[in-house]
Amino acid sequence: MKRIAVMTSGGDAPGMNAAIRAVVRTAMEQDLEVYGIRQAYSGLLNGDFEQLTSMEVSGILQRGGTILQTARCEEFKTELGQKKGLRRLNEKGIDALVVIGGNGSLTGALKLHELGVPVIGIPGSIDNDIYGTDMSIGVDSALNIILDALDRLRDTATSHQRAFLIETMGRNCGYLALMGAILGGAEIVVTPEKPKTEEEVAAALEDAYLRGKTHAIAVIAEGAPVRTTDYMDYLSKHKTVGFEVRLTILGHIQRGGSPSAFDRLLATRMGVHAIKMLLDGKTGVMTAQQGRKMEAIPIEEAVSQLRPLSESYFDMQHFLSR
Ligand code: ADP
Ligand code: F6P
């Protein structure tokens, strides 16, 4: 093995740059050449490669986003697109590929592995929906942003004696909402895994009012079956909760900013581990943090299901909100 490539794909996540840096510097230590593929699978298909040396990854450890940029590419979902990708890798003399991204990106990596390309995946997504790893790169930073927002919103909620509906990201996974609710002290949480009706949300907010609380907070995952705006419409119409209600959608603010210490460490360990696995002759595997260990699990297993949420966290959220 002489020359490898690295890309970031799907939604950007704080810590992706730290992972790129670790991949490049670990590979260079082993006398490998590293190429960065700009804009994920789109860049792969367009042949948008640049050589990365130690200098190109200097000063990026603390930066949010991704210096390689990212993209979503429909063409790569097709068999023809994947073959074109293989052709581009061959044209550039790339012997192996590291893909940093979420479930979709890792599925793309699996397709290349199935075409015979040595591939290592690194889980990078704020959603924490990737099966087989305790945490993905970016989750901790996003959660800290959510907690900061919740704390601020509680200040203003308390001052005005209001209730807030706060929508978090997470696609089809409620991890960010659930953890945000537990650690931010919310009254109720709604996730795709445990949906709640408009009446249930109203009742939880009303209960806080009746018990004499000065505020009430509902955290709602974007992937929940009832839209946050529908809860808001219901509460505006029925006015049963006692509090005036406001809605805040946190949106893409959750994806930006400098990675936390946890994410820098996770990204660095995963980047180093990815190169070690390649040199050990592994392919089609993803770096996975399991307890204190860094493991490798088949990408096929990682993308075959969503990471489940622990029932005990839902219980904890419920009784601690009382
Ligand atoms: P994430 O990686 O954050 O889950 P997406 O689901 O949007 O984000 O996937 C990112 C990209 O990965 C897609 O735009 C596409 O290029 C590629 N991808 C997703 N699913 C597949 C698939 N089934 N086969 C091949 N490539 C895929
Ligand atoms: O996967 C990360 C994520 O931020 C999800 O939480 C969200 O559903 C999605 O990406 C948003 O995608 P986009 O940036 O294309 O709006």
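A polar contact is taken here as a pair of N or O atoms within 3.5 Å, and the contacts described below belong to a predicted model. By this criterion H252 makes a polar contact with ligand 2, a polar atom of its side chain lying 2.9 Å from an oxygen atom of the ligand. Of the 400 Å² of accessible area that ligand 2 has on its own, the protein covers 74%.

The remaining surroundings of ligand 2 extend this picture. The ligand is enclosed by R72, D127, M169, G170, R171, E222, H252 and R255, a shell in which five residues are charged, two are polar and one is nonpolar. Within this shell, E222 places a polar side-chain atom 2.4 Å from an oxygen atom of ligand 2, while G170 contributes through its backbone, a polar atom of which is 3.0 Å from an oxygen atom of the ligand. The space that ligand 2 takes is the largest pocket.

Ligand 1 likewise sits in the largest pocket, where it is surrounded by 17 residues, the closest being R72, C73, G102, G104 and S105. R72 is thus named both among these closest residues of ligand 1 and in the shell of ligand 2. The shell around ligand 1 consists of ten polar, three nonpolar and four charged residues, and its largest share, six residues, is supplied by helix 4, which spans residues 103-114. Several backbone atoms approach the oxygen atoms of ligand 1: a backbone N or O atom of C73 lies at 2.7 Å from one such oxygen, a polar backbone atom of G104 is found at 3.0 Å, and a polar backbone atom of G11 is placed at 3.4 Å. Taken alone, ligand 1 exposes 550 Å², of which the protein buries 85%.

Apart from the ligand sites, charged side chains were examined for pairing, and a search of the whole structure finds 17 salt bridges. One of these joins R38 to E50, with the closest N and O atoms 3.1 Å apart. R38 is located in the loop between strand 2 (33-37) and helix 2 (40-46), whereas E50 belongs to strand 3 (residues 49-52), and the pair therefore ties together parts of the structure that are twelve residues apart in sequence.

Definitions and conventions
Residues numbered from 1 in each chain as written. Chains lettered and ligands numbered in written order. Predicted model: local features only at pLDDT ≥ 70, side-chain atom pairs only at ≥ 80, totals over all residues. Heavy atoms only, no water. Near = heavy atom within 4 Å. Polar contact = N/O pair within 3.5 Å; in protein donor to acceptor, adjacent residues only side chain to side chain. Areas by Shrake-Rupley, 256 points an atom, 1.4 Å probe, with all protein chains shown as cover. 1 Å grid on protein atoms, 1.4 Å probe; cavity = no way out; pocket = protein on both sides within 12 Å on 5 of 7 lines; lining within 4 Å. Sits in = over half its atoms within 2 Å of the grid points. Nonpolar A, V, L, I, M, F, W, Y, C, P; charged D, E, K, R; others polar. Salt bridge = Lys/Arg side-chain N within 4 Å of Asp/Glu carboxyl O. Helix = DSSP H or I, 4+ residues; strand = E, 2+ residues; numbered from the N terminus.
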